[in-house]
Amino acid sequence: MYPSDPQSAPPLYSGSPSPSAQQAESDRSHLNVLSILYYVFGGLNAIGVLFGGFYVLLGFIMPMNQVQKRPGDPPPEFFFWFFVLIGGCAALFSLVFLILDLHTGYSLQKRKNRTMCLITAGISCLSIPLGTTLGVFTFIVLSRPSVKALFEQNANPPQG
């Protein structure tokens, strides 16, 4: 059984790192995974920029092949500008999200700009289902006190 003398009892964590060291390693690992996922999500937004650019290009190329107009049809110019407008808006939104995701991935990697990372996580939640999953896990990780301490530590470097 167990010895009655507490001095001769085996150590609680023999050979394993302390719980705080394990938590710090877990936090670093989770932040690195989130950083990579934001880079990947930014890549998906880059594809959105390309699709939007394709529609803009399509809107400018179609007038070169003039369509025969029948009586009562809307003017073909409206249809072409509609492609340009929709494609331009899609490309612009995707570009903004691309920049946000890449900056958030970099900030998570460097443990800086926690508030901006939380804002981007909230915006990412609007992209169902991948962005929602990424945003929720970002909220979970960034709400830990140990992760908050990592970000505060990098915000206020020691004076020396």
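Modeller: In this predicted model, helix α1 (residues 19-61) gives the most to the nonpolar patch, with 3 residues. The patch covers about 410 Å² of surface and is made by Leu44, Ile47, Phe51 and Leu130.

Biologist: Phe51 is found in helix α1. Why is Phe51 called exposed rather than buried?

Modeller: Its relative accessibility is 55%. Exposed means over 50%, so Phe51 counts as exposed.

Biologist: What makes α3 roughly antiparallel to α4?

Modeller: The axes of helix α3 (residues 114-124) and helix α4 (residues 130-142) cross at roughly 150° and come within 7 Å. Angles over 145 degrees count as roughly antiparallel, and therefore α3 is roughly antiparallel to α4. The crossing of α3 past α4 is left-handed.

Biologist: What is found at Pro129, in the loop between α3 and α4?

Modeller: Ile128 and Pro129 are joined by a cis peptide bond, with omega about -5°. Most peptide bonds are trans.

Biologist: Which residue in the loop between α2 (76-110) and α3 is buried?

Modeller: Arg111 lies in that loop. Its relative accessible area is 9%, and buried means under 20%, so Arg111 is called buried. Phi of Arg111 is near 60°, a positive value in a residue other than glycine.

Biologist: Asn113 also lies in the loop between α2 and α3. Why is Asn113 called partly exposed?

Modeller: The relative accessible area of Asn113 is 42%. Partly exposed covers the range between under 20% and over 50%, so Asn113 is partly exposed. Phi of Asn113 is positive, near 55°. Most residues other than glycine have a negative phi.

Key
Residues numbered from 1 in each chain as written. Predicted model: local features only at pLDDT ≥ 70, side-chain atom pairs only at ≥ 80, totals over all residues. Heavy atoms only, no water. Patch = residues over 30% accessible without salt bridge, like charges linked within 9 Å, V, L, I, M, F, W, Y side chains within 5 Å. Areas by Shrake-Rupley, 256 points an atom, 1.4 Å probe, with all protein chains shown as cover. Salt bridge = Lys/Arg side-chain N within 4 Å of Asp/Glu carboxyl O. Helix = DSSP H or I, 4+ residues; strand = E, 2+ residues; numbered from the N terminus. Buried < 20%, exposed > 50% of the residue type's maximum accessible area, 1.4 Å probe, protein only. Axes fitted to C-alpha atoms, helices over the stretch in contact; angles between N-to-C directions. Parallel < 35°, antiparallel > 145°, perpendicular 65-115°, else oblique. Left-handed = near helix turned anticlockwise from the far one by under 90°.
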